[in-house]
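Hi everyone, thanks for coming. Let me put the sequence and the structure up on the screen, and then we can walk through some places in it together.

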Amino acid sequence: MTVATTNAARLFKGSATQGRTEAELREVVSHAGAELELAPAEVIVEWAVATFGERFCVTSSMGDAVLAHLASQVAPGIDVVFLDTGYHFAETIGTRDAVEATLPVTLTTVSPRQSVAEQDAAYGKDLFVRDPDLCCALRKVAPLEEALGEYDAWATGLRRQETHNRVITPVIGWDESKRKVKVSPLARWTHAQVEGYVAEHDVLVNPLQLDGYLSIGCWPCTRRVAPDEDPRSGRWSGTSKTECGIHT
Ligand code: SF4
C-alpha cells in the first residue's frame with residue numbers, strides 16, 4: 001500500500017484520543033447505534049468527531065462528494081480517504097482532485113501494494129475477468145484495511161436504499177472484518193435526499209453520473225444502466241458478484 005496525503009489543510013484535528021480497546025469500541029457501538037438511529041447525518045458525524053477525534057476518518061469512492069462535503073462542514077480539515085485501485089475512470093480521479101481543491105478536507109489517496117502492471121505480471125493480465133474477488137481483495141480490501149490501521153472508526157456513504165444487501169446497514173455498527181466502528185451517516189437517506197443535498201449545496205458529482213453510470217467503480221467492472229434499472233446492476237454486470245468485499 002502506498003499513501004499520498006495531498007491536502008495539507010489540517011484545520012480539524014479533534015482531541016488526540018488514545019486508541020480504545022476492542023471491548024471499549026464495541027461498548028460505544030452498543031449504545032450509540034440505537035441512540036443515533038434517527039439522528040440527522042450532521043449529528044451523526046458530530047458525534048463521531050467528538051467521540052473519536054483524529055481517530056475517525058471519512059472514506060469516499062468519489063461517485064459524489066456528498067459525505068465529504070457534509071463532514072467538512074461539521075469538521076473542516078477532516079481526513080478523507082480515497083482508494084485508488086489503478087482502474088478508476090479519469091472522471092473519478094478528476095472528482096477526487098476537485099474535492100481536494102474545493103473542500104476543506106485532508107485528502108489521502110491510498111494505492112494497492114502492486115501497480116496494475118505488477119499485478120498483471122504476478123497473476124496474469126486482467127485478473128478482474130478471471131477472479132474478480134481476488135482482484136478486489138488485492139486492490140480494494142487489503143489497502144483499505146491497511147489505511148484504516150490507526151483509526152478507531154471510519155465513515156462510509158452506504159445507504160439502505162442502494163441495494164437489498166444494504167437494507168440493514170446500521171448507522172453505527174461494528175465492522176467485524178476490520179475490528180473498527182463503522183459509521184454510515186447517510187444510511188437512511190433516499191435517492192431524493194441525496195439529490196436534494198447536491199442541489200442545495202452545489203455539491204460535486206462525478207460527471208459519469210450524468211452519462212448513465214449511477215454506481216461508479218473500476219472501469220473494467222462498471223457499465224451504464226438504464227433509468228429503470230437498479231443502479232448497482234451496472235457493477236460486475238453479468239456475474240453473481242455484488243460487493244467488492246470492503247463492506248462484508
Ligand atoms: S472492481 Fe474490478 S478492477 Fe476493481 S478491484 Fe474489483 S475486480 Fe479489480
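**A walk through the model**

Let's begin with Asp126, which is partly exposed, because its relative accessible area is 26%, and the limits for that class are 20% and 50%. Before I go on, please keep in mind that this is a predicted model. You can find Asp126 in the loop between α5 and α6, where α6 covers 127–130. What is the phi of Asp126? It is positive, about 55 degrees, although Asp126 is not a glycine.

There is another residue to put beside that one. Asp202 also has a positive phi, near 55 degrees, and it is a residue other than glycine. Asp202 sits in the segment after α8. Is Asp202 buried or exposed? Asp202 is exposed, because its relative accessible area is 70% and the class starts over 50%.

Now let's step back from that loop into helix α5, residues 116–123, which is where Gln119 is placed. Gln119 has 1% relative accessibility, so it counts as buried. Which side chain does the side chain of Gln119 join in a polar contact? The partner is Arg139, and the contact is 2.8 Å. Setting aside residues up to four places away in sequence, Gln119 touches Tyr87, Gln114, Gly124, Leu127, Cys135, Leu138 and Arg139. So if you click on Gln119 on your screen, you can look for Arg139 in two ways: as a residue Gln119 touches, and as its side-chain polar partner.

Next, a pair of helices. Two packed helices are described by the angle between their axes and the distance between the axes. Take helix α1, residues 22–35, and helix α2, residues 41–52: they pack at an angle of about 155 degrees, and their axes are 13 Å apart. That angle makes α1 roughly antiparallel to α2, since the cut-off for this label is over 145 degrees. The contact is made by Leu25, Val28 and Ala32 on the α1 side, and by Trp47, Thr51 and Phe52 on the α2 side. As for the handedness, α1 passes α2 in a right-handed crossing.

While we are at α2, have a look at Val45, which is placed in that helix. Val45 is buried, as its relative accessible area is 1%. Leaving aside neighbours within four places in sequence, Val45 is in contact with Leu70, Ala71, Val74 and Pro185. How far apart are Val45 and Leu70 in sequence and in space? They are 25 residues apart in sequence, and 8.4 Å apart in space, going from C-alpha to C-alpha.

Leu70 takes us to a second pair of helices. Helix α3, residues 66–74, packs with helix α8, residues 191–201, at an angle of about 60 degrees, with axes 11 Å apart. That makes α3 oblique to α8. From α3, the residues making the contact are Val66, His69, Leu70 and Gln73, and from α8 they are Val194, Tyr197, Val198 and His201. Here α3 passes α8 in a left-handed crossing.

Just a short way back along the chain is Ser60, in the loop between β2, 56–59, and α3. With 12% relative accessibility, Ser60 counts as buried. Its side chain reaches the backbone nitrogen of Met62 at 3.1 Å. Leaving aside neighbours within four places in sequence, Ser60 is in contact with Val80, Val81, Phe82 and Leu83.

Our next stop is Lys241, in the segment after α8. Is this lysine buried or exposed? Lys241 is buried, because its relative accessible area is 10% and the limit is under 20%. A polar atom of the Lys241 side chain lies 3.0 Å from the backbone oxygen of Glu243. Apart from neighbours within four places in sequence, Lys241 is in contact with Pro132, Asp133, Cys136, Arg235 and Trp236. Lys241 and Asp133 are 108 residues apart in sequence, yet 8.1 Å apart in space, C-alpha to C-alpha.

That contact list included Cys136, so let's finish with cysteines. Cys136 counts as buried at 7% relative accessibility, and Cys218 counts as buried at 11%. A disulfide is a covalent bond between the sulfur atoms of two cysteines. How many disulfides does the structure hold? The number is 0.

Thanks for listening, and please do turn the model around yourselves.

Technical notes
Residues are numbered from 1 along each chain as its sequence is written. This is a predicted model: local features need pLDDT of at least 70, side-chain atom pairs count only at pLDDT 80 or more; totals for chains, interfaces and linings use all residues. Side-chain values use heavy atoms; hydrogens and water are left out. Helices (H or I, at least four residues) and strands (E, at least two) are DSSP runs, numbered from the N terminus. Buried means under 20% relative accessible area, exposed over 50%, partly exposed in between (1.4 Å probe, protein chains only). A polar contact is a pair of N or O atoms within 3.5 Å; within protein, one must be able to donate a hydrogen and the other to accept it, and residues adjacent in sequence count only if both atoms are side-chain atoms. Contact means heavy atoms within 4.5 Å. A disulfide is a pair of cysteine sulfur atoms within 2.5 Å. Axes are lines fitted to C-alpha atoms, for helices over the stretch in contact, and angles run from 0 to 180 degrees between N-to-C directions. Angles under 35 degrees count as roughly parallel, over 145 as roughly antiparallel, 65 to 115 as roughly perpendicular and the rest as oblique. A crossing is left-handed if the near helix is turned anticlockwise from the far one by less than a right angle, and right-handed if clockwise.
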